[in-house]
Amino acid sequence: MRSHRLAGLIGASTLAAAVALPLPAAHAADAGTLYVDKYKAACTDQGTGTQAQPFCHVQAGVDAAKPGDTVSIGGGSYPETVTVTHSGEPGKPVTITGRMFTDESWSPTVVGSSTGSQPSIVLDGVHDVVVQNLRVASSAEAFLVRDSAAIVLDHHLVTRSTDATAPLVRLTGATKDVRISRSWFDNGSATAVQVGQGVQGAVVSTNVLYASGATAVQVTDAPGTVVTSNTAFRTCSTAIALSGDSHGSTVENNVVAPGFNLSCPQGTTPSVSVSAASATDTRYDYNLVSPIGSATPYSWAGTTYPTAAGLLAATGQGKHELYTDAKMGASQAPQSDSPQVDSADAEAPGELSTDVYGHHRGDDPNVPDTGNGTGSHDRGAMELTSLSSVTVSTTPHQGPAPLSVTPTVRLQTNWTSPQYSYLFDFGDGSAPVTSSDAAVPHVYQSPGSYVTTVRVTDDQGNSVQSWGVTQVKENGPLVAAFTAKPNQQWLRYQYSFNAWDSTSPWQITKYHFDFGDGTRGVDSDPGSSTVTHVFGSSTPVTVKLTVTDEGGRTASVEQRLTPSYAPSGYTAITPARILDTRQGWQATRLGNGGQADIGFGDGNMGCAKTPANVPAYATALVVNVTAVNPSTAGYLTVWADHSGRPATSNLNFKAGQTVANLVTVPVVGGMCPQLHIFNFSGGADVVADVQGYYLQDFGARFTTTAPTRLLDTRHTAGYETKGLGADEQYVLKTGLPKGTTAAVLNVTAVNPTAGGYLSVTPVSVRHPGTSNINFTVGQTVANQVIVPVDADGNVGIYNRFGNTHVVADLMGYYSPTGDSFFTPVSPTRLVDTRKPSPLPLGQGGTLAVPTGAPAGATGAVLNVTSTGSTNGGYLTVWADGATKPGTSSVNFGVGQTVPNHVTTPLGANGSFDVYNFAGRTHVIADLFGYFTKP
């Protein structure tokens, strides 16, 4: 949390402001510079610290320093404890400096260990030393100053890396004349600055401190300490405390504002606390304390005061005290209407001429000066300046060489300066240009990526820096290119189109897609160059991309696309009834042209949960649909959202017949989809039971098998005469491999003695409340089932009434190790022997039907229908080129129209064969999907 807080405060605009200003002034130095840079391959601790051959470790550079020397540390991390071993002289200090926010590489110098127990930087028994511009992340003390004098710790970022309670800066022993200034402290549960017993003349000035769990500045038995112009954010802790006997101290121009940690109870400690002994000869004035919860703001000589007026009346302290909202801006600097502005004591001890960023203290012309001295200083560590932020934009920001550009600077100001100066550095080696104009043209002669840096300075000497980037390219044509990728988690036939590969030396300003399906074209966001589109069907389309660039040129490219579903795995479920027009609120028969709309879902994404418990983004459903007691001959058509009703049928019936058929339904819909069932004519009750679903990248894969007869009770011991009895379950041993999740069977009821039905289920589900095959007395009828199997590969076949023979043929199975995924397609008619001219399939005839599936397809899901037959008989479907199996796929009587769901292997040519056993019959075959290996 603390690192996020600092990152927010010291963000890009703030960094830019700091970069534009000179480093905080150190003492003048007559001697040379010693370089430390462990990231240079030539570094060595045995050398002399030249720029070409620097020291590798900070300690080596510090050990080599003499009075007047500067130890310059390169950017990067130096996880070491540094002990300053040499002193400087008055006017010739030893200066240790890193890169904070001032180096063009933007790589700060980080010193210290975030896990060790030793202080990061130790100054013990030394004098005349300046340490500046470091980031110190420490689990112990960041700075320990003991028995030392004339020390300056300036312009640091100090953070607590753990919950340790050691102070970040500790002054102790016979230490005097130490200045801690212009630094950021994130002290967490530890004290930021601790001034200990016997320390003399310490100055804590112009720092930003976060005191969420401990006192920000703790002074104990250190007379004459100066605490001036700091900004402390506190919640549970005291911001400034003078304890023991710290008489003769000064506390001025500080701001105490609410902190960020709201998890602890507020109001437990005062914001400012001065002990009785410390109150003697101590000056307290020109501070601003914000109300923080129920906290008492002041404790003076053991007495608390809830208001500044009460403190003044009782003690004479705080004549210019403000107890009010500090009105901080987004970066915690004062807002333009903040009472901090131009209200400080410019002559307070320890007051600096620049703020924590290095901004000069300046006058806001819109605010009356209410402070002391010049009256133009703000309270706290951060000065409100005329410049709030700067942005740089180049026009154009991309183009072919040579490229003429105009960088333009836009200012956000707190007030308007009489004059701004702009320093442009175009980043190509040309001389920087100083101008009073915010827009300066420039020509880049050669290709490259150039950063234009602009430093804006106001009339008070404060600067803010920002930059813009220009891409200069080799000259060349505008080329349009795009990719198309299925994006089908929510919507079938949804594609993502990405034109990112389009190229031009100029900036491309427009990407326009025409999808070729009659819908309106779409312009993509130039920043993303990506659009999505949902096609209505698998009809091939030509997608066209037209791009326009900033040079005024256009180019186009086309791509032929056949929208398709994503390959999917199958999940078999215990059959779940989602519609029965005979029962409940759904008890309304489908009339002539009537339609039932049934939601299905698993309760996620805001959709209602249904008994089917099917994910809303399933690619296809497997549903057993039954027409019950229709009033006339007709058919049902089944489909799912957004595709429009297909021109195919799924279930054909005659008046008074109860008949079922398995249906694989591609789901074109996305969120909260619905299943639709349409009745062509007359009236009929309809029952729908969900058997399972397909899902992209999930579920079992399919393995095709040559159609194989597993059961024929007419030739099964014990069943030859009567078949399967009433209320009897037959346990069918499929012999499928371990791990199989579902078997695909074609099950046929033969010559039943009573009207009834068969249910094919897991063995453990004897009475599922659903049916798979419905029949009347003496009828032979088949239906395909996809049924879950138990651990031994067994399924149960249950007969409800009378006796019936049962035939079961295996067509394939699903398992985690199967070899093929299923790709649904919009229902597509493959063959209809009635059209264009009637050519029925004769007795013993075979018809080869190509599916158009991709090369290598292993199988297909079909709806195969026999109609207008001259004899009772059956159709057999198998892979083209293979031996005809001794199984049946569709059973029918004379003149009947009978469909059946068929899962079949395909030949190497993607075709299947249909065989007619007797008489003549017309054959209709519709494709609902195909299987392919991944």
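How many helices and strands does the secondary structure of the chain come to? The count is 4 helices and 69 strands, where helices (H or I, at least four residues) and strands (E, at least two) are DSSP runs, numbered from the N terminus. This is a predicted model, in which local features need pLDDT of at least 70 and side-chain atom pairs count only at pLDDT 80 or more, while totals for chains, interfaces and linings use all residues. Residues are numbered from 1 along each chain as its sequence is written, and side-chain values use heavy atoms, with hydrogens and water left out.

**The whole chain**

Begin with the entire chain in view. Its radius of gyration is 42 Å, well over the 30 Å that the globule rule gives for 934 residues, so the chain is more spread out than a compact globule. The radius is taken over C-alpha atoms, and the globule rule is 2.2 Å times the number of residues to the power 0.38. Turned to its principal axes, the C-alpha trace spans about 120 × 70 × 60 Å.

Next, display the surface. The accessible surface comes to about 35100 Å², and 51% of this belongs to carbon and sulfur atoms; accessible areas come from the Shrake-Rupley method with a 1.4 Å probe, and for residues only the protein chains shown count as cover. Of the 934 residues, 56% count as buried. Buried means under 20% relative accessible area, exposed over 50%, and partly exposed in between (1.4 Å probe, protein chains only).

Contacts may be displayed next, a contact meaning heavy atoms within 4.5 Å. Among contacts between residues at least 6 apart in sequence, 72% join residues at least 24 apart.

**Charges and salt bridges**

Colour the charged side chains. There are 50 positive and 68 negative side chains, and the centres of the two sets lie 15 Å apart. Lys and Arg count as positive and Asp and Glu as negative, with His and the chain ends not counted; the place of a charge is taken as NZ of Lys, CZ of Arg, CG of Asp or CD of Glu.

The structure holds 24 salt bridges, each being a side-chain nitrogen of Lys or Arg within 4 Å of a carboxyl oxygen of Asp or Glu. Three pairs and one network are visited below.

Select D523 and K510, whose side chains meet in a salt bridge (3.9 Å, N to O). D523 is in strand β42 (residues 522-524) and K510 in strand β41 (residues 508-514), 13 residues apart. D523 is partly exposed at a relative accessible area of 43%, and K510 is partly exposed at 37%.

Move on to R709 and D809, which form a salt bridge whose closest N and O atoms are 2.7 Å apart. R709 lies in strand β54 (residues 701-712) and D809 in strand β61 (residues 805-815), so the pair ties together parts that are 100 residues apart in sequence. Which partner is buried and which is partly exposed? R709 is partly exposed, with a relative accessible area of 33%, whereas D809 is buried at 0%.

The third pair is R829 and D926, with closest N and O atoms 2.7 Å apart. This salt bridge links strand β62 (residues 821-832), which holds R829, to strand β69 (residues 922-932), which holds D926, and the two residues are 97 apart. R829 is partly exposed at 32% relative accessibility, while D926 is buried at 1%.

**The network around R283**

Select E252, R283, D285 and D345 together: they are linked in a network of salt bridges. R283 is found in strand β26 (residues 283-285) and is partly exposed, with a relative accessible area of 37%. Leaving aside neighbours within four places in sequence, R283 is in contact with S249, T250, V251, E252, Q317 and D345. The C-alpha atoms of R283 and S249 are separated by 6.4 Å, although these residues are 34 apart along the chain.

**W639 and T932**

Now centre on W639 in strand β49 (residues 634-640), which is buried at 8% relative accessibility. Which residues does W639 touch, not counting those up to four places away in sequence? They are Q595, G644, R645, P646, V665, Q674, L675, H676 and F678. For a distance to draw, take W639 and K654: they are 15 residues apart in sequence and 22 Å apart in space, C-alpha to C-alpha.

The tour closes at T932 in strand β69. T932 counts as buried at 15% relative accessibility. Not counting residues up to four places away in sequence, T932 touches D819, S820, F821, T823, A857 and T858.
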